[in-house]
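Notebook open, coffee poured. Today I want to look at how helices pack in this one, and then at the empty space inside.

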Amino acid sequence: MHRQLGLSGAVTIGMGSMIGAGLFAAFGPATAAAGHLLPLSLILAATIAICNAASSAQLAAQYPTSGGTYVYGRERLGPWWGFAAGWCFLIGKTASAGAMALTFGAYAAPDHSRLAAVLVLVAVTVINLAGITRTATATALILTITLASVATVLAAGWNERSPVEVTVAEGSAVGVLQGAGLLFFAFAGYARIATLGEEVKEPERTIPRAIVIALALVLVLYSLVAFSLVSLLGIDALTSSLHPLADLSTSPAVHAILTVGVSAACAGSLLGVTAGIGRTGLAMAREGDLPRVLCAVREGRSPYRIDLALLAITIPLVLFVPLVGAIGFSSFGVLLYYAVANLSALTQRRRRAVQWIGLVGCVAVAFSLPLSAIGSGLGVLAVGLVLRAVVRRGWASPTG
């Protein structure tokens with residue numbers, strides 16, 4: 001793979017991956033779980049994300065290659081740990097890709113949402129096949145549209161509404177953890193930067209800086225959005241809202257701008273997620289943890305066979321499968337993925353307190369999710385581990 005991506009491009013992809021559907025939908029369910037303790041959930045999610053970012057940046061500087069935590073787990077803990085992280089990432093993020101595409105379709109073309117979901121998946125695949133610099137350029141444009149729409153909606157909300165008196169709603173420690181799990185899902189995109197390590201210029205210096213900058217900027221944005229929603233809607237209204245940002249304004253023009261922003265955010269996240277899936281799948285195929293035939297790279301620019309395989313999997317998902325239940329597994333899987341990252345970083349014996357906080361936080365939040373999410377997550381992980389044990393020898397055989 002060619003090193004074509006600089007600091008600004010890496011930061012853009014990281015932000016584009018984080019600022020997605022979660023920004024527009026996560027605050028309502030998180031408030032329903034945490035109540036008036038929502039700020040604690042946001043702080044907890046941000047703290048875990050910062051610790052994970054520190055571990056990811058530390059590891060990425062030592063292993064500047066495609067694959068992210070899959071590579072770190074293999075190198076620091078052993079092949080099975082690496083495979084577990086990579087498998088959780090692939091399955092969870094494939095489900096997320098389908099959900100993002102459906103969310104795009106629901107906003108961009110409500111009467112033909114599944115067709116629109118297929119079309120955006122095809123478009124994203126074409127962009128990824130063109131190479132990572134095209135991905136960064138497209139993400140920058142989409143990110144600009146998204147941020148402009150959010151700024152417009154927040155400004156309209158503060159202009160139309162007066163701050164409400166915040167009432168105290170019920171909250172609990174478990175609710176705070178569940179709220180943090182929902183909000184953490186919206187932060188998780190910074191891992192895309194680490195998975196692109198083989199295509200970043202000066203990776204030892206660029207990757208850690210890009211992760212920290214992207215996460216800091218997104219944290220500022222999320223804090224501003226949370227403050228605005230709580231101040232202008234109140235806890236009770238926010239708890240029952242499915243589209244809280246849309247509730248800030250009654251203006252049809254503002255709603256149209258928000259629709260454009262949501263659609264752009266979902267498309268931008270989809271770009272980052274699919275790029276990360278491709279690079280993690282590439283690393284796994286190179287090691288024989290996926291069929292080696294998938295590790296082909298087109299002109300040094302993209303793992304095209306993995307990109308096309310992902311498209312072939314996600315199209316049936318968005319056409320025929322309801323993905324609401326898959327989102328819980330996706331949250332569970334991504335938290336386990338980062339738990340392995342923190343555990344891997346602990347073996348380097350640097351900033352151990354940060355890594356322990358990240359590890360314990362990931363595990364605690366993951367296992368506070370609904371039992372259905374935990375059960376499906378552990379079940380799919382077990383299937384992957386058994387599959388590796390049974391058929392890896394056949395997969396690892398040289399082809400051609």
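Started with a helix pair: helix 6 and helix 13 are roughly antiparallel to each other, because their axes cross at roughly 155° and anything over 145 counts as roughly antiparallel. I noted the spans too: residues 79-108 for helix 6 and residues 252-287 for helix 13. The two axes come within 9 Å. I looked up the hand of the crossing as well, and it is left-handed. Then I sorted the contact of helix 6 with helix 13 by class and got 17 nonpolar, nine polar and one charged residues.

Confidence check. This is a predicted model, so I wanted the pLDDT before going on. The mean for the protein is 83, and 88% of its residues reach 70 or more. Helix 16 (residues 352-366) has the highest confidence, at 92. At the bottom I found helix 10 (residues 191-195), with a mean of 66.

Next, pockets. I picked the second largest one, which holds about 280 Å³ of space. My helix pair turns up again here: helix 6, helix 13 and helix 14 (304-320) each supply at least two residues of its lining. I counted 13 lining residues, and Leu 90, Thr 94, Ile 277, Leu 290 and Ile 313 lie nearest the centre. What classes make up this lining? Eleven residues are nonpolar, two are polar and none is charged.

Then the closed spaces. How many cavities of 30 Å³ or more does a search of the whole structure find? Two, it turns out.

The largest cavity comes to about 70 Å³. Helix 14 is back, since I see that this helix and helix 7 (113-129) each supply at least two lining residues. From the lining list I jotted down Leu 121, Val 124, Thr 125 and Asn 128, along with Thr 274, Asp 307, Leu 310, Leu 311 and Thr 314. By class I get four nonpolar, four polar and one charged. Asp 307 is the charged one, because Asp counts as charged.

The second largest cavity has a volume of about 40 Å³. Around it I found Phe 24, Tyr 107, His 243, Leu 245, Ala 246, Leu 258 and Val 262. Six of these residues are nonpolar, one is polar and none is charged. I marked His 243 as the polar one, because His falls among the others in the class scheme.

Last note to self: helix 14 supplies residues to the lining of the second largest pocket and to that of the largest cavity.

Notes. Residues are numbered from 1 along each chain as its sequence is written. This is a predicted model: local features need pLDDT of at least 70, side-chain atom pairs count only at pLDDT 80 or more; totals for chains, interfaces and linings use all residues. Side-chain values use heavy atoms; hydrogens and water are left out. Axes are lines fitted to C-alpha atoms, for helices over the stretch in contact, and angles run from 0 to 180 degrees between N-to-C directions. Helices (H or I, at least four residues) and strands (E, at least two) are DSSP runs, numbered from the N terminus. Angles under 35 degrees count as roughly parallel, over 145 as roughly antiparallel, 65 to 115 as roughly perpendicular and the rest as oblique. A crossing is left-handed if the near helix is turned anticlockwise from the far one by less than a right angle, and right-handed if clockwise. pLDDT is the predictor's confidence in each residue, from 0 to 100. On a 1 Å grid over the protein atoms alone, a cavity is a set of points where a 1.4 Å probe fits but cannot get out, and a pocket is an open set with protein on both sides within 12 Å along at least five of seven lines; lining residues have an atom within 4 Å of a point. Grid points are joined across faces, edges and corners, and a volume is the space filled by probe spheres set on the points.
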